Amino acid sequence: MEPILLYDTTLRDGTQGENISFTAKEKIQIAKRLDDFGIHYIEGGWPGSNPRDIQFFDLAQKTTFKHARITAFGSTRKARIAASEDLNLRALLQSNTPAVTIFGKTWNLHVEKVIKTTLEENLAMIFESVEFLKNNDREVIYDAEHFFDGYKDNPDYAMQTLMAAVDAGAQFIVLCDTNGGTLPSEIESIMNAVRTSFGDKYNTTADALPFKFGIHTHNDSGLAVATSIAAVECGAVMVQGTINGYGERCGNADLTSIIPILYFKMNRPCVSSENMTKLKKLSRFVSETANMIPLNSRPFVGKSAFAHKGGVHVNAIMKISRAYEHMEPALVGNKRRVLVSDLSGKSNVEFKAKELGVELGANGIGSREIVTEIKRMEQEGYQFEAAEGSLKILLEKFSGQFRPLFELKSFRVHIEKDAERPCSAHATIKISVDDKEEITAAEGDGPVSALDNALRKALYKFYPEIENMRLIDYKVRVIDGRAGTAAKVRVLIESRDQDNIWSTIGVSEDIIAASWQALADSVQYKLSMAHHKK
């Protein structure tokens with residue numbers, strides 16, 4: 001079978017997602033990671049639309065890419081303007097990329113009601129734009145915007161737009177489900193009809209056409225991955241999408257799902273097996289650069305993708321993993337996780353202890369006793385399935401293996417509010433490391449932020465590796481509101497460094513005390529990981 005070409009548009013379509021933005025330098029960093037992973041085409045942006053994308057293409061010309069073809073994106077010429085005079089097309093050429101992707105209007109609704117021109121002029125816009133780029137020695141990828149909606153409304157005209165691009169020399173015709181409302185079955189029937197029409201035009205089989213088909217789908221119906229796969233099954237050899245599915249509205253087709261489906265489920269080669277193991281790290285790198293919290297439930301690469309909670313499930317996977325897993329997590333750089341909660345049995349605790357590197361039973365306390373204690377603590381408000389960092393420390397304490405890398409002597413948090421100014425927080429902390437004491441103070445946006453800053457400031461002289469750790473999420477929940485201000489609160493803190501994300505928990509009637517428990521566990525966990533590596 002013909003290899004599938006992966007076309008990544010994270011740097012353009014992905015940035016149209018809410019709260020997602022990259023600087024030009026960040027876009028270069030992501031492009032280099034995509035190239036290292038084996039992506040074939042990397043769409044860098046729209047050079048005719050903003051200075052940042054122009055800067056990206058300037059930087060890209062000075063960067064060596066070993067695998068990918070950097071691609072500039074833009075639209076067909078404007079109505080009633082010569083292609084050679086269109087500023088957008090000239091900007092595409094000035095980007096000096098080997099490949100160019102342009103989109104054109106396929107849906108007569110858009111032609112007549114949105115850009116307000118004639119159907120004939122739109123065909124000329126498509127033909128002349130593709131021809132202009134081809135005459136300037138560019139590989140041309142034509143994105144047929146709103147193709148499936150256009151085909152359903154006016155199939156004859158939708159086909160004429162594709163034929164205009166093909167007649168002008170486009171190497172790829174990418175059919176776009178821009179509104180994200182097309183069903184997989186509709187993708188299949190329409191693509192088969194399109195391929196038949198082109199086969200008739202060229203008097204050849206659909207597999208011998210002088211161009212290739214691609215697919216570009218959006219996720220407004222939650223079907224972007226499914227519709228992309230359906231298109232591949234109907235002959236598409238280029239799949240466009242974004243890492244983590246970032247994109248406008250509900251996002252684009254998620255390449256972190258599509259790539260392993262192609263590789264492992266469909267036996268369609270797209271990247272090497274070695275690079276497949278980098279998939280989770282690629283997903284995390286993009287989310288970190290975008291400053292977006294990774295989605296735990298994301299298939300293949302999410303933290304929960306291979307997580308098991310029920311005792312029956314855990315007992316089974318300890319015997320044979322494929323009993324409850326569709327593939328080996330390591331193939332995509334992920335790992336199996338077992339969650340420990342009040343639903344846990346001995347199997348959960350034993351598996352989790354082994355996973356976390358904690359040996360049970362050495363001090364006479366076995367998994368049965370630990371399960372009982374965990375269930376008691378969960379009754380009090382703890383949730384260890386959401387706090388594996390705290391769970392590791394707890395198991396080490398139960399088994400007599402916990403060795404604190406710092407000890408708290410005292411802390412003081414001061415909060416001040418003036419009538420005309422917002423609240424300010426100041427924390428002073430005293431800790432000891434190997435009998436050496438350190439006292440520091442720091443400010444923060446709130447009491448927990450100030451305490452976190454003061455703790456890390458105090459620890460830095462002993463453990464410089466603390467510098468690359470930061471908090472990324474802080475959640476507080478009242479466990480039983482009927483007790484009013486005396487109710488217990490649960491604090492969950494999520495932290496990360498360049499390689500890992502971990503969660504810790506604290507429970508107390510005092511929100512600061514609960515926050516300190518979670519914060520201290522988080523730092524202890526980070527330091528123990530770094531200490532273990534040494």
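The following exercises, each with a worked solution, concern a predicted model.

**Exercise 1. Salt bridges between separate parts of the chain**

Determine which element or loop holds each partner of the salt bridge between Glu43 and Arg12, and state whether the two residues are buried or exposed.

Solution.
1. Side chains of opposite charge can pair when their charged atoms come close.
2. For Glu43 and Arg12, the N to O distance is 2.8 Å, and the side chains meet in a salt bridge.
3. Glu43 belongs to strand E2 (residues 41-45), whereas Arg12 is in the loop between E1 and H1; the pair, 31 residues apart, links distant parts of the chain.
4. Both Glu43 and Arg12 are buried.
5. A network of salt bridges joins Arg12, Glu43 and also Asp13.
6. The total for the model is 29 salt bridges.

**Exercise 2. A pair that joins two loops**

Locate Arg249 and Asp220, and classify each by its relative accessible area.

Solution.
1. The closest N and O atoms of Arg249 and Asp220 are 2.6 Å apart, and the two residues form a salt bridge.
2. Arg249 is in the loop between strand E8 (238-241) and helix H10 (255-265), and Asp220 is in the loop between strand E7 (212-217) and helix H9 (224-233), so the salt bridge ties together parts 29 residues apart in sequence.
3. The class "partly exposed" lies between the cut-offs of 20% and 50% relative accessible area.
4. Arg249 has a relative accessible area of 47% and is therefore partly exposed.
5. Asp220 is at 28% relative accessibility and is therefore also partly exposed.

**Exercise 3. The pair Asp473 and Lys475**

State the N to O distance of the salt bridge between Asp473 and Lys475, and classify both residues by accessibility.

Solution.
1. The side chains of Asp473 and Lys475 meet in a salt bridge with an N to O distance of 3.6 Å.
2. A salt bridge requires a distance within 4 Å.
3. Asp473, at 21% relative accessibility, counts as partly exposed.
4. Lys475 counts as partly exposed at 49% relative accessibility.

**Exercise 4. Positive phi values**

For Asn19 and His146, give phi, the location in the chain, and the accessibility class.

Solution.
1. Most residues other than glycine have a negative phi.
2. Asn19 is not a glycine, yet has a positive phi of about 70°.
3. Asn19 is in the loop between strand E1 (5-8) and helix H1 (24-37).
4. Because its relative accessibility is 64%, Asn19 counts as exposed.
5. His146 likewise has a positive phi, near 55°.
6. The loop between strand E5 (139-145) and helix H6 (147-153) contains His146.
7. With a relative accessible area of 6%, His146 is buried.

**Exercise 5. A helix crossing**

Describe how helices H15 and H16 are arranged, giving the distance, the angle and the handedness.

Solution.
1. Two packed helices are described by the angle between their axes and the distance between the axes.
2. The axes of H15 (residues 367-379) and H16 (residues 388-398) come within 11 Å and cross at roughly 130°.
3. This angle makes H15 oblique to H16.
4. The crossing of H15 and H16 is right-handed.

**Exercise 6. A nonpolar surface patch**

Identify the residues of the nonpolar surface patch of about 230 Å², and place Ile511 in its helix.

Solution.
1. The patch is made by Tyr474, Val476 and Ile511.
2. Ile511 lies in helix H18, which spans residues 511-533.
3. Patch residues must have over 30% relative accessible area.
4. Ile511 is at 39% relative accessibility and therefore counts as partly exposed.

Definitions and conventions
Residues numbered from 1 in each chain as written. Predicted model: local features only at pLDDT ≥ 70, side-chain atom pairs only at ≥ 80, totals over all residues. Heavy atoms only, no water. Patch = residues over 30% accessible without salt bridge, like charges linked within 9 Å, V, L, I, M, F, W, Y side chains within 5 Å. Areas by Shrake-Rupley, 256 points an atom, 1.4 Å probe, with all protein chains shown as cover. Helix = DSSP H or I, 4+ residues; strand = E, 2+ residues; numbered from the N terminus. Buried < 20%, exposed > 50% of the residue type's maximum accessible area, 1.4 Å probe, protein only. Axes fitted to C-alpha atoms, helices over the stretch in contact; angles between N-to-C directions. Parallel < 35°, antiparallel > 145°, perpendicular 65-115°, else oblique. Left-handed = near helix turned anticlockwise from the far one by under 90°.
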